[in-house]
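This report introduces a protein structure to a reader who has not seen it before. The sequence and the three-dimensional view come first, and a description of strands, core, surface and charged pairs follows.

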Amino acid sequence: IDYGNPDVPVGIGEVHAAVGAVYPNPADEAVYIDVQQLQRIEVYSVEGRKVYDHAYQGVSGTVAVPTADMANGIYAVRISTATGTAGVRIVVKKSR
């Protein structure tokens, strides 16, 4: 890593700046993530099973992650951007 290069992220704050709101939480049909320079989203169940994995190519904006096929429960979401990786928890709670 070239720490003299101002474009190289060196702190977790830069990663969090790339990931904005995650909503709604709890989710029913989908969860939306506001993000910059998105590379990949992975969703894991509490048992550690990967239930969603999608690669992107530097997408910026709001991305929908479908949750309709996920069971009610708590999930870990790993969001990888050009500046690093952030994690959030979501709850899937079906209204019907």
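Which residue stands opposite Y75 in β4? The residue is S45. The structure shown is a predicted model, and the description below begins with its paired strands.

**Strand pairing**

Strand β2 covers residues 30-45 and strand β4 covers residues 73-81. The two run antiparallel and are joined by 7 bridges. On its other listed pairing, β4 is joined to strand β5, residues 84-92, by 9 bridges, and this pair is also antiparallel. A hairpin through 2 residues connects β4 to β5. In this second pair, T81 has G84 of β5 opposite it. In general terms, the side chains of a regular strand alternate between the two faces of the sheet.

**The nonpolar core**

The largest nonpolar core contains 19 residues, and I33, I41 and V43 have the most contacts inside it. Strands β2, β3, β4 and β5 each supply at least two residues of this core. The greatest contribution, 6 residues, comes from β2. As a general tendency, nonpolar side chains in soluble globular proteins are buried together.

The surroundings of I41 can be listed in detail. Apart from neighbours within four places in sequence, I41 is in contact with I33, Y52, D53, H54, Y56, V63, V65, V77 and R78.

Is V31 buried or exposed? V31, which belongs to strand β2, counts as buried because its relative accessible area is 2%, below the 20% limit for that class. Its contacts, again without neighbours within four places in sequence, are V22, Y23, P24, V63, A64, V65, T67 and I90. V31 and V91 lie 60 residues apart in sequence, and their C-alpha atoms are 9.5 Å apart in space.

**A nonpolar patch on the surface**

Some nonpolar side chains are found on the surface. V46, I74 and V91 form a nonpolar patch there, with about 260 Å² of accessible area together. V46 is located in the loop between β2 and β3, the latter being residues 50-66. V46 counts as exposed because its relative accessibility is 64%, over the 50% limit.

I74 is part of strand β4. With 46% relative accessibility, I74 counts as partly exposed. Leaving out neighbours within four places in sequence, I74 is in contact with Y44, S45, V46, R89, I90 and V91. Two members of the patch, V46 and V91, are thus among the contacts of I74. The C-alpha atoms of I74 and V92 are separated by 6.4 Å, although the two residues are 18 positions apart along the chain.

**Salt bridges**

How many salt bridges does a search of the whole structure find? The search finds 4. Side chains of opposite charge can pair when their charged atoms come close. The table lists three of the pairs, with the distance between nitrogen and oxygen.

| Residue | Partner | N to O distance |
|---|---|---|
| D53 | R40 | 2.5 Å |
| R78 | E42 | 3.6 Å |
| K50 | D53 | 3.2 Å |

The salt bridge of D53 with R40 links distant parts of the chain: D53 is in strand β3 and R40 is in strand β2, 13 residues apart. D53 counts as partly exposed, at 37% relative accessibility. R40 is also partly exposed, with a relative accessible area of 32%.

The salt bridge between R78 and E42 likewise links distant parts of the chain, with R78 in strand β4, E42 in strand β2 and their positions 36 residues apart. R78 is partly exposed, at 41% relative accessibility. E42, in turn, counts as buried, because its relative accessibility is 9% and the class holds values under 20%.

The partner of D53 in the remaining row of the table is K50. K50 counts as partly exposed, at 39% relative accessibility. Through salt bridges that share partners, R40, E42, K50, D53 and R78 are joined into one network.

Two residues of this network return to the description of the core. I41, named among the residues with the most contacts inside the core, is in contact with both D53 and R78.

Technical notes. Residues are numbered from 1 along each chain as its sequence is written. This is a predicted model: local features need pLDDT of at least 70, side-chain atom pairs count only at pLDDT 80 or more; totals for chains, interfaces and linings use all residues. Side-chain values use heavy atoms; hydrogens and water are left out. Two strands pair if DSSP finds at least two bridges between them. Helices (H or I, at least four residues) and strands (E, at least two) are DSSP runs, numbered from the N terminus. Patches are made of residues with over 30% relative accessible area and no salt bridge: like charges are joined within 9 Å, nonpolar side chains (Val, Leu, Ile, Met, Phe, Trp, Tyr) within 5 Å. Accessible areas come from the Shrake-Rupley method with a 1.4 Å probe; for residues, only the protein chains shown count as cover. Buried means under 20% relative accessible area, exposed over 50%, partly exposed in between (1.4 Å probe, protein chains only). Contact means heavy atoms within 4.5 Å. A nonpolar core is a set of buried Ala, Val, Leu, Ile, Met, Phe, Trp, Tyr and Cys residues joined through side-chain atoms within 4.5 Å.
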